[in-house]
Amino acid sequence: MMCTIENDLLRVEINTLGAELSSLFSKANGHEFMWNGDAKFWAKQSPVLFPIVGTLKNNSYSLNGKSYELSRHGFAREKVFTVTNQTATSISFELKNDAQTLSVYPFQFSFSLIYTIDGNNLSVTYVVKNNGSDEMLFSVGAHPAFKLPIADELAYEDYYLKFNKTENAGRWPISSTGLIESAPTALLENTDRLPLTKSLFYKDAIVLKNLESDSVDLKSGKHPIGFTFSFKEFPYLGIWAAKDADFICIEPWCGIADSVNSNQLLGDKEG
């Protein structure tokens with residue numbers, strides 16, 4: 001089911017399946033900012049990553065001597081969320097544990113997403129509650145895909161990401177099995193700008209750790225329409241697109257895929 005919130009400047013649509021953002025439309029300039037979900041390239045638009053981000057080694061982990069299987073990015077993106085509160089400009093979605101989640105993730109939880117429009121801004125808040133008595137280990141992340149080019153008359157390569165601070169950050173490569181390699185390669189060297197090309201993503205996502213920045217602008221020197229994407233308190237950032245697709249994902253994460261050297265113990269997992 002699709003839910004809508006709006007004001008005079010923005011109209012936002014969110015699917016109860018996965019509490020997935022499906023449309024971010026500017027009434028002010030007539031632009032749609034979200035990817036359309038074309039299954040030829042990638043059928044998702046903004047999946048929510050919980051209770052893991054990325055891939056586990058052998059798609060499994062161990063906890064308290066027991067092994068569990070959990071697929072890439074976890075189960076939240078495939079679950080129908082319940083709408084718990086809605087106003088004209090804000091809506092809250094909630095997912096709780098059930099028999100299926102307990103079989104792969106043995107924790108009692110409630111996981112909420114709150115979408116709020118304020119003027120020309122959309123904010124997304126994640127609330128994770130432990131409803132059990134044991135320490136609960138989890139990761140959470142976002143995976144929104146934005147249409148690129150935003151302006152139809154421009155090309156993908158006319159855009160760039162501008163970080164709000166100068167960065168010296170390497171790219172952590174992803175192995176053929178979806179795991180993080182043991183050392184980074186050079187990417188951002190004393191710069192605040194990443195020019196965008198489709199070939200950047202031919203070897204999977206760009207994974208960045210512990211950036212100085214907590215926001216990026218998606219911009220073009222050839223057109224005034226763009227946006228600022230803020231990700232305060234998220235220690236990891238992924239940037240990705242399916243091969244030759246007309247979108248870019250900007251993905252703030254609290255959590256990361258397993259390392260190629262992972263021992264698969266959930267308590268030792270980075271993030």
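**Exercises: a hairpin, a histidine and two cysteines**

Five bridges link strand β15 (residues 215-220) with strand β16 (residues 223-230), and the two run antiparallel. This is a predicted model, in which local features need pLDDT of at least 70 and side-chain atom pairs count only at pLDDT 80 or more, while totals for chains, interfaces and linings use all residues. Residues are numbered from 1 along each chain as its sequence is written, and side-chain values use heavy atoms, leaving out hydrogens and water.

**Exercise 1.** Work out how many residues lie between β15 and β16.

Solution. Start with the terms: strands are DSSP runs of E with at least two residues, numbered from the N terminus, and two strands pair if DSSP finds at least two bridges between them. Next, find Ser215, which faces Ser230 in β16. Finally, look at the link: β15 and β16 make a hairpin with two residues between them.

**Exercise 2.** Decide whether His223 is buried or exposed, and find what it touches.

Solution. First, place His223 in strand β16. Then check its relative accessibility: His223 counts as buried because the value is 18% (buried means under 20% relative accessible area, exposed over 50%, partly exposed in between, with a 1.4 Å probe and protein chains only). Last, beyond neighbours within four places in sequence, His223 is in contact (heavy atoms within 4.5 Å) with His31, Ala151, Glu153 and Leu154.

**Exercise 3.** Explain why Cys254 forms no bond with Cys249.

Solution. Recall that a disulfide is a pair of cysteine sulfur atoms within 2.5 Å. The closest cysteine sulfur to that of Cys254 is in Cys249, 18 Å away, so the two are too far apart for a bond. Now compare surroundings: Cys249 is buried at 0% relative accessible area, whereas Cys254 is partly exposed at 25%.

Notes: Helices (H or I, at least four residues) and strands (E, at least two) are DSSP runs, numbered from the N terminus.
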